[in-house]
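Biologist: I would like a close look at a single part of this model. Please take one strand and follow it through its surroundings.

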Amino acid sequence: MTEVSLQTYNEFGQFLERKCGIVLGSNKQYLVRSRLMPLVREKSLPSLTALIDTVIKERDRELVETVLDAMTTNETLWFRDTYPFDLLKRSLLPEIATRARSVKIWSAACSSGQEPYSIAITLAEYRQANPGAFKDMSSILGTDLSADMLKRAKLGEYDSLSIARGLSEERKRQFFESLPSGGYRISDEIKRQVTFRPINLLNPVSGIGKFDIVFCRNVLIYFSAEVKRKILQQIAASLNESGVLFLGASESISGLSEDFDMVRCSPGLYYRKKNR
């Protein structure tokens, strides 16, 4: 059975919010069905309700993690929205290069790795055009709640369909190698710049260090206002002075944080940490 009662749906929503902060809302039954029915079939369970009941009662830890992976996995592509990467190359990296020999960037909720690898490619292209910049080893950290997504990201291998989504032929030739399977693997040059680790944005993140730039795009839209405030506070604490935050095109910090000034660009915008 693919339908669940309103009570079961609400209980699952409460469980999901408690575990990872995501707020389902009252009209996302279709999302729960589409994400979890493959697991019902894979685990040979009698119904979606049986799966949710097992997960809510945390009878099977591995199943809980698999369900959380399924519910938090989001669509991603290379150089998404374009303008953040253009701004990196055109203004932000040159600005940082005037005062530092390296740059540290955090890609929060990095999914299967396209965003941090896109950042690493942008940094490589900037260094090619500016050979004296960032002589020390720069670093990009990709984090995600999903263990499965991080496993894929670390592997750095993508099928032809994934590669086609936002990646130019020139970048494919320069920064990837072909696989016998027909897919592609990110080059070692790019892979060396990126590390991955599991992080739940609801938990303290002070141990990951300080960053010049944070990408936290298309993440806040899933959380309550209270959780958004907490995440923005943690990001501000993780940024160096005058550090930069990129959010998704439809996201805003209005009424949620006093730690940033909005900087409008043409096109796009970003948020700069206020110096206290």
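Modeller: What follows describes strand 7 and its neighbours, and then some other parts of the chain.

The model is predicted. Strand 7 covers residues 211-215, and five of its five residues are buried, so strand 7 is largely enclosed by the rest of the structure. The cut-off behind that count is a relative accessible area under 20%.

Strand 7 has pairings with strand 1 and with strand 8. Strand 1 (residues 104-108) pairs with strand 7 in the parallel sense, over three bridges. Within that pairing, Ile-105 is opposite Ile-213 of strand 7, and Trp-106 has Val-214 as its bridge partner. Strand 8 (residues 239-246) also runs parallel to strand 7, and four bridges join the two. Here Phe-215 has Phe-246 of strand 8 as its bridge partner. The link between these two strands contains a helix: strand 7, helix 11 (residues 225-238) and strand 8 form a right-handed β-α-β unit. In general, strands of a sheet pair through backbone hydrogen bonds, in either the parallel or the antiparallel sense.

Strand 1 carries the description further. Four of the five residues of strand 1 are buried, which leaves the strand mostly covered. Strand 1 pairs with strand 2 in the parallel sense, over five bridges, and Lys-104 stands opposite Ser-139 of strand 2. A right-handed β-α-β unit is formed here too, by strand 1, helix 6 (residues 114-129) and strand 2.

Strand 2 leads to the internal space. Searching the whole structure gives four cavities of 30 Å³ or more. The largest cavity holds about 230 Å³ of space. Two elements give two or more residues each to the lining of this cavity, namely helix 4 (61-72) and strand 2 (139-144). The lining comprises 16 residues, and those nearest the centre are Ala-109, Leu-145, Leu-201, Val-219 and Phe-223. Sorted by class, ten lining residues are nonpolar, five are polar and one is charged.

There is also an antiparallel sheet to describe. This open sheet has three strands in the order 3-5-4, with antiparallel pairing. Strand 3 (157-158) and strand 4 (176-178) are at the edges and have a single partner strand each, so one side of each is without a neighbour in the sheet. Strand 4 pairs with strand 5 (residues 184-186) in the antiparallel sense over three bridges, and Glu-177 stands opposite Arg-185 of strand 5. Ser-187 is placed in the loop between strand 5 and helix 10 (188-191). With a relative accessibility of 12%, Ser-187 counts as buried. Apart from neighbours within four places in sequence, Ser-187 is in contact with Phe-175 and Phe-176.

Arg-276 is a case at the other end of the accessibility scale. This residue lies in the segment after strand 10 (269-273). Its relative accessibility is 75%, so Arg-276 counts as exposed. Arg-276 nevertheless touches Glu-258 and Asp-259, with residues up to four places away in sequence not counted. From Arg-276 to Ile-22 the separation is 254 residues in sequence and 31 Å in space, C-alpha to C-alpha.

Note on methods
Residues numbered from 1 in each chain as written. Predicted model: local features only at pLDDT ≥ 70, side-chain atom pairs only at ≥ 80, totals over all residues. Heavy atoms only, no water. 1 Å grid on protein atoms, 1.4 Å probe; cavity = no way out; pocket = protein on both sides within 12 Å on 5 of 7 lines; lining within 4 Å. Points joined across faces, edges and corners; volume = space filled by probe spheres on them. Nonpolar A, V, L, I, M, F, W, Y, C, P; charged D, E, K, R; others polar. Buried < 20%, exposed > 50% of the residue type's maximum accessible area, 1.4 Å probe, protein only. Pairing = 2+ DSSP bridges. Right-handed = clockwise from strand over helix to strand, strands pointing away. Contact = heavy atoms within 4.5 Å.
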